[in-house]
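Hi everyone, thanks for coming along. I'd like to walk you through one corner of a model today, so let me put it up on the screen.

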Amino acid sequence: MDLDYTAADEAFRDEARQFLREHLPAHLQHKILTRQRLTRDEAIGWQRLLNQHGRVAPGWPVQYGGTGWSPLQRHIWAEECAQAGAPPVLGFGVNLLAPVLMHFASEEQKRHYLPRILNADDWWCQGYSEPGAGSDLASLKTRAVRDGDHYVVNGQKTWTTLAQHANMMFCLVRTSTEGNRQSGISFLLIDMTTPGITVRPIITLDGAHEVNDVFFDDVRVPVTNRVGEENQGWTYAKFLLGHERTGIAAIGHSKREIARLKRFAGERRVNGKPLDEDPVFMRRVADVEMELMALEITALSLVAEGASQKIGAEASILKITGTEISQAISELFLEAAGPAALPWRTEASDTSADDDGAAALAAHYFNLRKITIFGGSNEIQKNVIAKMILGL
Ligand SMILES: Cc1cc2nc3c(=O)[nH]c(=O)nc-3n(C[C@H](O)[C@H](O)[C@H](O)COP(=O)(O)OP(=O)(O)OC[C@H]3O[C@@H](n4cnc5c(N)ncnc54)[C@H](O)[C@@H]3O)c2cc1C
């Protein structure tokens with residue numbers, strides 16, 4: 001298998017770099033590289049700029065607004081975006097909901113929602129998890145009862161990422177208690193401004209308001225907002241989860257962060273010497289870097305085999321390793337910063353108080369604890385691998 005980049009691939013990479021040099025606003029780049037949070041308007045603004053150039057959703061079919069790039073070109077684009085410090089697009093709509101709509105929604109729903117997802121006209125949040133229904137998602141209890149041409153929804157979702165910004169939620173609800181638990185679930189698109197919805201912040205370990213509880217109290221949702229068949233939502237929900245896992249490996253991001261970690265270590269002095277002359281610390285950096293190289297080769301092999309189109313246990317491998325690497329890098333950064341990271345402040349993630357981002361390091365470290373939990377915890381991914389690859 002030949003994983004060498006061709007001259008055409010390198011030309012594509014140059015063009016991607018040039019695009020980002022010309023279009024990525026310096027203040028957004030600075031915020032990303034110093035681990036600050038973007039405002040709602042900043043995130044939407046960047047996505048709209050990308051949309052003007054047809055670059056929001058490289059993986060979508062061309063008929064819906066995709067680029068027609070090969071899997072390797074999409075990999076290169078993602079890598080260049082990460083290297084440049086470009087903000088991510090609004091993933092809940094672009095990467096998670098859109099594939100479900102393309103496969104299972106009515107033509108009218110596709111026509112309405114897909115262009116709005118591209119242009120960030122809607123901010124989508126994900127209403128899957130509930131208290132008591134995380135890994136065991138099929139035990140979800142939020143009820144939707146038919147009343148004429150509406151469903152009346154009652155219940156609670158939890159851990160809903162950025163629901164405070166969202167005007168739309170894709171939501172799993174129970175429409176039947178007959179048969180097994182999986183067969184009574186439906187997939188609804190809910191307007192978050194509907195009366196009866198309450199969003200309550202959950203403040204996380206890093207002091208951030210990133211997740212929420214969402215309560216539904218007699219919320220009326222038009223039946224036309226259901227995707228696919230009633231009681232068939234579990235099929236659509238699982239399809240979506242496969243797409244969630246593939247995106248979390250963050251290889252380009254980790255490559256950028258390893259390079260920055262080495263530079264950072266060169267600037268820090270421990271016992272009178274630069275930290276990058278400490279063999280114990282640098283051996284740990286090298287260990288993580290080797291893991292990352294192995295992960296990249298695995299990901300590129302999947303690209304070369306065209307397997308990225310087929311969502312299976314490979315996604316679980318990428319998710320486990322990619323998230324463990326991201327966490328290991330954040331830990332090394334914290335150690336490298338030493339006392340500079342001690343007076344950590346969550347505000348450091350909202351302001352540009354320091355240029356090397358040291359003040360935001362601890363908040364970032366705490367924030368990254370989430371990545372081995374969401375998108376299906378890493379323990380659950382190991383179960384998937386045991387079953388689908390090892391046949392246990
Ligand atoms: C920051 C953050 C953001 C999130 N955003 C969203 C969101 O936007 N929308 C949404 O719907 N959900 C979201 N989630 C929820 C996330 O999907 C769940 O937290 C996750 O699925 C785990 O569920 P749980 O928290 O209920 O833990 P549990 O399922 O109770 O698991 C607890 C522990 O037991 C382990 N465990 C459970 N079952 C097994 C098993 N069968 N075998 C081995 N180990 C097992 C788990 O790995 C975990 O370590 C988010 C979570 C976090 C932390």
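Let's begin with a question: in which sense do β5 and strand β8 pair, and over how many bridges? Before I answer, please keep in mind that this is a predicted model. The pairing of β5 with β8 is antiparallel, and there are 2 bridges between them. Strand β8 covers residues 226–227. If you want a spot to look for on the screen, find leucine 188, which sits opposite arginine 226 of β8.

Now to another partner of β5. Strand β4, residues 168–174, also runs antiparallel to β5, and here 7 bridges make the connection. A handy landmark for this pairing is methionine 168, facing aspartate 191 in β5.

What about β5 itself, is it mostly covered or open? Strand β5 spans residues 185–191, and 6 of those 7 residues are buried, so to speak mostly covered.

Last topic: the cysteines. How many disulfides do we count? The count is 0. Let me show you why for one pair, cysteine 125 and cysteine 171. For cysteine 125, the closest cysteine sulfur belongs to cysteine 171, and at 8.4 Å that is too far for a bond, given that a disulfide needs the two sulfur atoms within 2.5 Å. Going the other way, cysteine 171 has cysteine 125 as its closest cysteine sulfur, again at 8.4 Å. As for their surroundings, cysteine 125 is buried, with a relative accessible area of 0%, and cysteine 171 is buried with a value of 0% too.

That's my corner of the model. Happy to take questions!

How values were computed:
Residues are numbered from 1 along each chain as its sequence is written. This is a predicted model: local features need pLDDT of at least 70, side-chain atom pairs count only at pLDDT 80 or more; totals for chains, interfaces and linings use all residues. Side-chain values use heavy atoms; hydrogens and water are left out. Buried means under 20% relative accessible area, exposed over 50%, partly exposed in between (1.4 Å probe, protein chains only). Helices (H or I, at least four residues) and strands (E, at least two) are DSSP runs, numbered from the N terminus. Two strands pair if DSSP finds at least two bridges between them.
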